[in-house]
Amino acid sequence: MIPCIYLSNIKWSSSNLGSSQGMLSKSTIKKGEVTYHVKMSSYNEIHGVYGIESISEVIASRLARILGIDCADYKLYNACVSKGGKQFWTYLCISKDFTGGRESISFEKAYKLLKLEHETPLEFVKRTGNTYGVYRMFIFDYIINNMDRHGANIELCKNNLKFLPLFDNGNSLYSSTDEERIKNYYYGDSMNVNNFIGSRSLLNNLKEIDLEIGINKLCQKHRQTLFKDLSNVISRDRRDTIWRHIVRRYEHAREICHFQEVKK
């Protein structure tokens with residue numbers, strides 16, 4: 001059951017209080033000492049909400065937990081909101097602040113401030129001791145086909161430059177694929193995306209992995225976990241396509257970089 005909430009009084013912007021910029025409408029809510037980040041799907045004043053990025057964000061978050069990837073925990077809500085002088089109901093995703101109260105800095109900003117001469121973003125990752133986490137990010141982004149891991153979509157703890165949990169994963173898992181062509185659709189393995197670290201190819205980034213990486217084992221039973229309460233939110237065709245994609249990419253990633261399956 002997707003909870004219904006009223007958020008008609010909150011103000012929206014195209015960025016949250018962190019450094020991530022983007023086209024999606026975002027906001028924050030404070031309850032006591034806890035900060036929550038709220039994100040809608042693609043919206044414009046002519047067509048209203050036309051995307052499903054918030055739903056893809058929740059599915060990606062669930063998959064991250066299954067695979068043991070450190071990721072912000074997003075929940076899906078059906079919310080009454082106001083935007084552009086209109087009030088309407090839409091699905092959106094909400095997560096607790098993933099920084100845990102730590103001061104953060106975007107990877108892009110840290111890299112520009114602290115890089116050595118001619119040092120690439122991946123070389124900077126290795127020098128600052130974040131290799132294992134970035135390799136896990138490479139695997140996760142390939143599996144979900146994350147098309148937008150730009151330099152502000154990665155946050156570091158400012159005092160030690162260690163990676164914080166992944167977030168803003170919603171531009172993935174066929175979020176931009178129209179319903180009429182979703183059935184049996186597949187992106188292909190070698191498309192270029194908006195990566196900041198490594199190459200623009202998610203597939204080629206897998207080939208950079210030279211450590212044994214532990215990833216939790218993916219099983220058929222996890223399909224139910226991924227799509228819990230979503231049968232009335234996205235179509236069966238979309239769920240089938242997403243699941244086939246995840247299984248195919250998981251197996252392909254395991255073949256390429258030989259990650260170690262971990263049994264939970």
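In this predicted model, the side chains of Lys39 and Glu57 form a salt bridge, with N and O 2.4 Å apart. Lys39 belongs to strand S4, which covers residues 34-40, while Glu57 sits in helix H1, so the bridge ties together parts that are 18 residues apart in sequence. Both Lys39 and Glu57 are buried. For Lys39 the relative accessibility is 5%, which is why this lysine counts as buried, the cut-off being under 20%.

Lys39 also has a salt bridge with Asp168, where the closest N and O atoms are 2.7 Å apart. Asp168 is in the loop between S10 and H5, and Lys39 is in strand S4, so this pair ties together parts that are 129 residues apart in sequence. Asp168 has a relative accessibility of 9% and therefore counts as buried. Side chains of opposite charge can pair when their charged atoms come close.

The whole structure holds 17 salt bridges. Another of them joins the side chains of Asp73 and Arg65, at 2.5 Å from N to O. Here the setting is partly exposed: Asp73 has a relative accessibility of 34%, and Arg65 has a relative accessible area of 38%. Returning to the buried lysine, Lys26, Lys39, Glu57 and Asp168 are joined into one network by salt bridges that share partners.

The loop between S10 and H5 also contains Asn169. Its relative accessibility is 0%, so Asn169 counts as buried. Apart from neighbours within four places in sequence, the contacts of Asn169 are Glu57, Ala60, Cys71, Phe140, Ile144, Asn146 and Arg149. Glu57, one of these contacts, is the salt-bridge partner of Lys39 described above.

Phe140, another contact of Asn169, leads into the nonpolar interior. The largest nonpolar core has 67 residues, and those touching the most other members are Ile59, Leu63, Leu67, Phe107, Ile139, Phe140 and Ile197. At least two residues of this core come from each of helix H1 (53-67), strand S7 (74-83), helix H2 (107-114), helix H3 (121-127), helix H4 (131-144), strand S10 (155-157), helix H5 (202-206) and helix H7 (236-257). H4 gives the most, with nine residues. In soluble globular proteins, nonpolar side chains tend to be buried together.

Phe107 can serve as an example of the packing. Not counting residues up to four places away in sequence, Phe107 touches Pro121, Phe124, Val125, Gly151, Ile154, Leu156, Phe163, Phe196 and Ile197. A second core, separate from the first, has twelve residues, among them Ile10, Met40, Ala79 and Ile94.

Two members of that second core, Ala79 and Ile94, can be followed into the strands. Seven of the ten residues of S7 are buried, and the strand is mostly covered. S7 runs parallel to strand S1 (residues 4-6), to which three bridges join it; in this pairing Ala79 of S7 is the bridge partner of Ile5. With strand S8 (residues 86-96), S7 pairs in the antiparallel sense over ten bridges, and Lys75 stands opposite Ile94 of S8. The hairpin of S7 and S8 has two residues between the strands, and Gly84 there takes a positive phi near 60°.

Helix H1, already met through Glu57, also holds Ile66. Ile66 counts as buried because its relative accessible area is 6%. The C-alpha atoms of Ile66 and His222 are 7.5 Å apart in space, although the two residues are 156 apart in sequence.

Helix H7 has 22 residues and reaches 31 Å from its first C-alpha to its last, close to the 32 Å expected at 1.5 Å a residue. Its buried residues are Arg238, Arg239, Asp240, Thr241, Ile242, Trp243, His245, Ile246, Arg249, Tyr250, Ala253 and Cys257. The elements that cover these buried residues include H1, H4, H5, strand S11 (214-216), helix H6 (222-226) and strand S12 (260-262). After H7 comes His258, which has a positive phi near 55°.

Note on methods
Residues numbered from 1 in each chain as written. Predicted model: local features only at pLDDT ≥ 70, side-chain atom pairs only at ≥ 80, totals over all residues. Heavy atoms only, no water. Core = buried A, V, L, I, M, F, W, Y, C linked by side-chain atoms within 4.5 Å. Buried < 20%, exposed > 50% of the residue type's maximum accessible area, 1.4 Å probe, protein only. Helix = DSSP H or I, 4+ residues; strand = E, 2+ residues; numbered from the N terminus. Contact = heavy atoms within 4.5 Å. Salt bridge = Lys/Arg side-chain N within 4 Å of Asp/Glu carboxyl O. Expected span 1.5 Å × (residues − 1). Pairing = 2+ DSSP bridges.
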